[in-house]
Amino acid sequence: MTETLVPYPEATERYEPVIGLETHVELGTRTKMFCGCTTTFGAEPNSQTCPVCLGLPGSLPVVNRMAIEYTIRIGLALNCTIAEWCRFARKNYFYPDMPKNFQISQYDEPLCTDGYLDVEVNGKTVRVGIERVHLEEDTGKSLHVGGATGRIHGAEYSLVDYNRAGIPLVEIVTRPVTGTGEDAPVAARLYVTALRDLLRSLGVSDVRMEEGSLRCDVNTSLAPPGAPWGTRTETKNVNSLRSVERAVEFEIERQAAVLDAGGRVIQETRHLHEDSGTTTSGRSKEEAQDYRYFPEPDLVPVAPPRDWVEQIRASLPEAPAARRARLRAEWDMSEVDMTALSNAGALDLVADTVAAGASAADARKWWLGELSRRAHDTDTELAALSITPAQVARIAALVAAGTLNDRLARDVIDAVLAGEGDPDEVVEARGLAVVSDDSALAAAVDEAIAANPEVAAKIRDGKIAAAGVLVGAVRKATGGKADAARVRELILQRLS
């Protein structure tokens, strides 16, 4: 059945949105949360399991110290208070992909509480309150085979891979975010973007949404201005930044139609359909008491020593927003250019290229131009290309010195990406250096003039712009190696 929707501008004119986000982050630890199994993504199904993460009788969990440290790093970076004492609890629920049929999580005593993250939304700073950052274990992964949707409905059978079961999972829960009005969907996307950048800078997760190491549950509610908050829905497991925005926008349009018709929004989970950007009903939303939390009897409480917490605080890197502001000032770069670098995932690459000796303008030019195109053409992440910032800086230096022009530099980039060596080795092996010696260029210039008498006549008559045709002919004859400026000078000398 097609949902009735209210056009977005009308919906936000009549109702005030309130949003909240619960972001789940798989930590990049080498082993799982409560056992020694490895956490490599993409391994053969059920090849990274043991009695503990399979929930076999008699097996006992042991807390991963690095996961505790990573969670404290996240909490400190989000301006949270770090608990002096906390403990794990059992969250009871029918988990088809969790062998124990309960999840070890944290409930009323989380590790980190009461923080915030500031986000710039259309020129305005929105402070997103962080209610809690708590640690738990991830579930396994169900694969529903057959049917058209990949969901259990209509599937012929289901398979379960327990490799992911037990991987350390941090949940970052915001307080309700109010006052964003028509910018609510954008604010949600920008918050997750800022959070992803922060987590990446901390080195605690690869935050790859396409692999499920960062995923969001998006809460949305509507109410008339000045009225109490409305009933919220929770769109589950949203796995891209664009989809976070679309989930909020669609729910605002859908809930506005329900309220306009005098209906009542049902508290429920919903699923986002990536192809259409629509959501559909999942299940009624449980309350905390439905999970029957109780303290985990097989684990002792966690009491992080204060000196350890302060050591972690002292080791935190510069916050991404502060770093961007500093680099933008140092590089004298516009906000638009800085945003383009961040969106392309090129900021660190450009910074490393500048550190290797290139100018910011040259580093930006090569990473956002030629290298971004090659990454797109090969469906590769920019940082995964087989070229280093130091090599890009060297190519920029060769261009600045006149040894290469842009055309030859592109050939060098191709050769470096193909594994033919460093830029200098490629230039020597392929003979790619620019030809600027007059004796080497003179014959090619004379041949171009002889082959294009009409163009030569125009130049003699004072139409100097026509020299470009002869410059192009010489460059073609020399395989792009001719110094264009010197060729132009020689042509004008010959025809003056």
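Tyr93, Tyr107, Tyr291 and Tyr293 come together as one aromatic cluster in this predicted model. It makes a good place to start our walk. Across the whole structure, a search turns up four aromatic pairs. In one of them, the ring centres of tyrosine 93 and tyrosine 291 lie 5.8 Å apart with their planes at 70°, so this pair is edge-to-face. The two partners come from distant parts of the chain, 198 residues apart: tyrosine 93 belongs to the loop between β3 and β4, and tyrosine 291 to the loop between β13 and β14. Tyrosine 291 is buried, at 8% relative accessible area, while tyrosine 93 is partly exposed at 26%.

Another pair in the cluster is built from tyrosine 107 and tyrosine 293, and here the rings are stacked, with 4.1 Å from centre to centre and 5° between the planes. Tyrosine 107 sits in the loop between β4 and β5 (112-121) and tyrosine 293 in the loop between β13 and β14, so this contact ties together parts 186 residues apart in sequence. Tyrosine 107 is partly exposed at 34% relative accessibility, and tyrosine 293 is partly exposed at 22%.

Now look at the strands that these loops connect to. An open sheet of three strands runs in the order β4-β3-β14, with antiparallel pairing. Its edges are β4 (102-105) and β14, each of which pairs on one side only. Strand β3 (residues 89-92) meets β14 through two bridges, and alanine 89 stands opposite proline 295 of β14. Close to this region in your view you can also look for lysine 100, which lies over the face of phenylalanine 102, 5.5 Å from the ring centre. A second charge over a ring is found at tyrosine 116, where the charged end of arginine 127 sits 3.7 Å from the centre.

The loop between β13 and β14 has one more detail to offer: arginine 292 is located there. This residue has a positive phi of about 50° although it is not a glycine, and its 55% relative accessibility makes it exposed. Aspartate 332, in the loop between α6 (320-331) and α7 (335-343), is likewise a non-glycine residue with a positive phi, about 55°. Its relative accessible area is 72%, so aspartate 332 is exposed.

Let us finish with helix α10 (residues 389-400). Its twelve residues reach 16 Å from first C-alpha to last, close to the expected 16 Å. Among its buried residues are Val392, Ile395 and Leu398, and the cover over the buried residues includes α8, α9, α11 and α12. After α10 comes glycine 402, with a positive phi near 85°.

Note on methods. Residues are numbered from 1 along each chain as its sequence is written. This is a predicted model: local features need pLDDT of at least 70, side-chain atom pairs count only at pLDDT 80 or more; totals for chains, interfaces and linings use all residues. Side-chain values use heavy atoms; hydrogens and water are left out. Helices (H or I, at least four residues) and strands (E, at least two) are DSSP runs, numbered from the N terminus. The expected span of a helix is 1.5 Å times one less than its number of residues. Buried means under 20% relative accessible area, exposed over 50%, partly exposed in between (1.4 Å probe, protein chains only). Contact means heavy atoms within 4.5 Å. Two strands pair if DSSP finds at least two bridges between them. Rings of Phe, Tyr and Trp (its six-membered ring) pair if their centres lie within 6.5 Å; planes under 30 degrees apart count as stacked, over 60 as edge-to-face and the rest as tilted. A charge sits over a ring if NZ of Lys or CZ of Arg is within 6 Å of the ring centre and within 35 degrees of the ring normal.
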